[in-house]
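Here is a short guided tour of a complex, written for someone meeting protein interfaces early on. Keep the picture open while you read, and look for each spot as it comes up.

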Amino acid sequence: MKTLKDAKIGQTVVVAKVWGEGAVRRRIMDMGITKNVEVFVRKVAPLGDPIEVNVRGYELSLRKADAEMIEVYE
Amino acid sequence: MQYRIALAGNPNSGKTTLFNMLTGSNQYVGNWPGVTVEKKEGVLKGHPDVIIQDLPGIYSLSPYSPEELVSRRYLVNDHPDAVLNIVDGTNIERNLYLTTQLMDLGHPIVLAVNMIDLVRKNGDTIDLEKLGKALGCQCVELSALKGEGYQEAAEKAVELAKNHTHGERPHVFNGSVEHALAHIEESIEGKVDANYLRWYAIKLFERDERVREEVNLDSEVMDHLEKHITDCEREMDDDAESIIADQRYTYIEQVIRKAVKKKAAKNALTTSDKIDRIVTNRILAIPIFVCVMFLMYAIAMGSFPFSIGTIATDWANDVLFGQWIPGLFDWILTSLGVSGWLYGLVMDGIVAGVGAVLGFVPQILVLSLLLSILEDVGYMSRVAFIMDRILRKFGLSGKSIIPMVVATGCGVPGILASRTIEQERDRKITVMTTGFIPCGAKMPIVGLFAGAVFGNSPLVATSAFFIGVAAVVVSGVILKKFKSLAGKPAPFVMEMPAYHLPSLRNVARATGQRGWDFVHRATTVVLLSSIVLWFLQSYGIVDGVFQAVEDNNISLLADIGKAIAWIFYPLGWMGDMAWKATVATFTGLIAKEQVVMTFGTLYHYAGELSESGNEIWGLIAQDFGPVRAYSFMIFNLLCAPCFAAIGAIKREMHDGKWTAATIAYMCLFAYAVSMIVFQLAGLFTGEATFGIFTILALVLLAGLIYLTVRKNKYADTQVKVGV
């Protein structure tokens with residue numbers, strides 16, 4: 001399973017499913033990361049975590065641990 | 001009749017600016033019951049019968065954060081007459097997500113599309129008529145920052161509130177979801193508030209725990225609902241919560257396709273992106289952050305020609321509260337011919353005590369101003385992005401770095417700066433540990449002992465700083481394992497808002513608010529404690545007679561010091577210095593500078609003492625061996641902060657118990673560390689001898705290590721929201 005965590009900087013991926021449970025998962029979906037949406041991986045923070053992505057026209061940052069819950073395909 | 005309009009919107013949508021414009025200075029700031037979320041309401045300008053209720057900035061009405069919970073509780077239980085929903089026109093897709101949820105509640109809604117000037121500047125267009133038609137509500141455009149269009153938005157909302165005009169509810173969900181929702185509505189009809197039937201149905205479909213508890217259906221009905229939900233889930237091959245979120249966004253995409261035209265290509269770089277290429281650049285981000293922090297520190301607290309904070313505070317301390325105010329009071333009291341004790345109370349107790357604290361107001365205003373600007377511009381979320389990796393290890397958030405840096409100047413604005421941390425747990429740990437950072441006022445203590453005992457070695461000040469930082473780090477690790485602060489690191493899924501120019505009005509308001517908080521505290525907590533300490537210092541029992549005393553050594557404070565000095569015996573405070581050290585520590589609660597001044601009086605130094613007290617170095621050196629001096633220094637650096645900072649802790653915790661817990665934790669931690677240092681290091685210098693306290697110190701050291709490295713048994717429990 002490929003996740004958003006594995007996506008390279010500058011890559012655009014499509015969300016297949018958001019795994020996990022509870023508050024974090026709901027928050028991720030509330031912020032617009034839902035099935036079939038395109039996510040552009042903008043950059044990684046200077047210390048390697050979190051990452052910054054562009055989704056639905058705005059910038060979102062999330063930790064790699066959370067990005068791992070997001071299954072994607074190219 | 002009074003009408004209530006709820007103002008709702010995402011964070012960074014310009015809601016605060018709009019609220020300030022709608023209500024002017026007619027605001028009331030309080031707290032939502034049971035949570036540390038600020039509650040603001042105000043009377044609409046020109047409409048004395050209309051109250052605007054500002055809801056917290058939220059992305060959704062899901063049941064997870066306290067902000068979301070208080071918002072939805074207000075919307076469902078308090079029946080506002082209309083909802084004014086502000087959305088950021090430049091980021092309309094995600095902003096409309098909340099709108100679709102607000103619509104489920106069925107209140108009359110006005111959709112105010114903000115930042116319309118930026119939308120136009122980008123060459124984009126938003127067709128308000130089509131948007132309104134698709135969403136079934138009234139739409140207006142505005143630019144809150146430029147002050148355009150807000151009256152129209154308000155008038156529309158007032159009109160809807162008075163007429164209770166409902167729009168047509170849009171069809172957000174597809175057939176099979178609507179089918180399930182219809183069944184749920186049927187089963188719960190009569191058991192919930194009829195106005196919000198659809199909202200309850202959707203929440204039950206999502207299996208929202210809180211709504212389930214509230215509605216409290218019997219198990220037969222629950223089974224019936226569950227069957228419809230699982231049927232729908234099987235059909236859609238997804239879980240209910242995702243189905244709802246997906247379909248809301250799918251619906252929004254359709255609306256946007258009709259009503260919004262974007263000029264720029266999808267992945268074109270915006271101005272914000274270009275700024276971020278430098279500001280959050282992999283190599284430059286941290287140096288830039290250090291520069292920003294240094295500049296902030298330099299302007300507010302440094303000693304450069306441009307350090308306006310320091311210049312103003314020096315003036316306030318030396319001239320305003322050093323000469324003018326005392327002069328004025330002196331003149332008033334003398335011309336009134338008041339008795340000696342009252343003169344002493346006012347001059348030495350109140351004026352000196354409160355003045356010492358109020359003198360810091362300019363510095364705090366400058367710091368607050370700079371912080372508000374950084375916040376308003378959008379830099380704070382970049383800071384969190386840059387620093388998150390390190391700080392999360394210590395139970396802190398990326399944003400905790402700002403309070404820590406500010407606290408090296410003064411702990412009060414440092415603690416107040418923790419307000420920008422959204423997650424309650426991170427904020428609490430930050431507030432509990434910020435006081436460990438050695439502030440400017442603790443530096444004279446370090447200077448005194450460095451000079452008197454350690455031959456002015458710069459290592460003493462350096463070690464003081466590292467002890468402070470180590471205390472923060474160790475405490476963060478210890479505290480995050482306690483049940484009430486434990487849990488998974490809070491989700492760090494954070495919007496990085498586009499940079500924008502700061503709103504003068506917002507910045508001024510936020511600065512004024514923080515400054516006023518401080519003044520308010522200085523005139524209550526500090527006033528009271530100054531009076532008490534003055535009394536204890538100025539009176540004593542001589543030859544069995546209670547009377548005013550000139551000599552601090554025979555005052556009530558000295559008696560108390562002598563009576564309780566044994567508490568500090570394990571820290572190496574023994575012999576004649578013990579009570580002096582005890583008294584000095586207590587006076588340090590007014591302001592940490594007092595510690596050195598107190599030593600001055602206790603060692604009978606008559607003249608004006610310099611800041612680091614080099615006149616009494618010889619006397620101090622006789623009484624304090626190096627390890628004892630170090631133990632005293634550590635205890636005073638780490639124990640309870642001054643009253644002003646305690647007040648700030650109380651302000652941010654909003655809770656007496658948490659404030660008490662913080663102070664108790666700091667004192668215990670300071671006590672343990674000082675004792676360990678004295679008992680173990682003292683063995684080498686001969687200041688301590690092996691005995692029961694050596695063993696106790698070893699036990700404490702082991703305990704501290706255990707608390708730090710023990711397994712976090714609550715690591716996986718989800719952070720519970722206590723509402």
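## Where the two chains meet

In this predicted model, the rule finds ten salt bridges across the interface of chain B and chain A. Side chains of opposite charge can pair when their charged atoms come close. A nice one to look up joins the side chains of A:Arg56 and B:Glu93, with N to O at 2.7 Å.

Salt bridges are one part of the picture; polar contacts are another. Across the interface of chain B and chain A, 24 residue pairs are in polar contact, both partners being at pLDDT 80 or more. On the side of chain B that touches chain A, several elements each supply at least two residues: helix 3 (92-104), helix 11 (240-259), helix 12 (271-279), helix 13 (285-301), helix 17 (379-391) and strand 10 (493-495). Helix 11 of chain B gives the most to that side, with six residues. Sorted by kind, the residues of chain B that touch chain A are 20 nonpolar, nine polar and 20 charged.

How much area do the chains bury together? The size of an interface is often given as the accessible area lost when the parts come together. Between chain B and chain A, about 3,900 Å² is buried, and carbon and sulfur atoms give 51% of that area. In chain B, the residues that lose the most area to chain A are B:Arg282, B:Phe385 and B:Val493, together 18% of what that side buries. Counted by residues, the contact takes 49 from chain B and 36 from chain A.

The chains also share a strand pairing. Strand 4 (residues 58-62) of chain A runs antiparallel to strand 10 of chain B, and the two pair over three bridges. Within this pairing, A:Leu60 has B:Glu495 as its bridge partner.

## Inside the chains

Over all chains, the count comes to 35 salt bridges. One of them links A:Glu59 with A:Arg42. Because A:Glu59 lies in strand 4 of chain A and A:Arg42 in strand 2 (residues 38-44) of chain A, the pair ties together parts that are 17 residues apart in sequence.

Here are the two salt bridges named in this report, side by side.

| Salt bridge | Closest N to O distance |
|---|---|
| A:Arg56 and B:Glu93 | 2.7 Å |
| A:Glu59 and A:Arg42 | 2.7 Å |

Two backbone details are worth finding too. A cis peptide bond joins A:Asp49 and A:Pro50, with omega at about -5 degrees. A:Pro50 sits in the loop between strand 2 and strand 3 (51-55) of chain A. In chain B, B:His79 has a positive phi, near 45 degrees, although the residue is not glycine. B:His79 belongs to the loop between helix 2 (66-77) and strand 5 of chain B.

## How confident is the predictor?

For the complex, the predictor gives an ipTM of 0.97 and a pTM of 0.83. Chain B averages a pLDDT of 87, and 96% of its residues score at least 70. Among the elements of chain B, strand 5 (residues 82-88) has the highest mean pLDDT, 96, and strand 2 (residues 27-31) the lowest, 78. Over residues 719-723 of chain B the pLDDT is below 50, and beyond near neighbours in sequence this stretch has 15 contacts in the model.

Note on methods: Residues are numbered from 1 along each chain as its sequence is written. Chains are lettered from A and ligands numbered from 1 in the order in which they are written. Side-chain values use heavy atoms; hydrogens and water are left out. Contact means heavy atoms within 4.5 Å. Buried area is the accessible area (1.4 Å probe) that two parts lose on being put together, summed over both. A salt bridge is a side-chain nitrogen of Lys or Arg within 4 Å of a carboxyl oxygen of Asp or Glu. A polar contact is a pair of N or O atoms within 3.5 Å; within protein, one must be able to donate a hydrogen and the other to accept it, and residues adjacent in sequence count only if both atoms are side-chain atoms. Helices (H or I, at least four residues) and strands (E, at least two) are DSSP runs, numbered from the N terminus. Ala, Val, Leu, Ile, Met, Phe, Trp, Tyr, Cys and Pro count as nonpolar, Asp, Glu, Lys and Arg as charged, and the others, Gly among them, as polar. Two strands pair if DSSP finds at least two bridges between them. pLDDT is the predictor's confidence in each residue, from 0 to 100.
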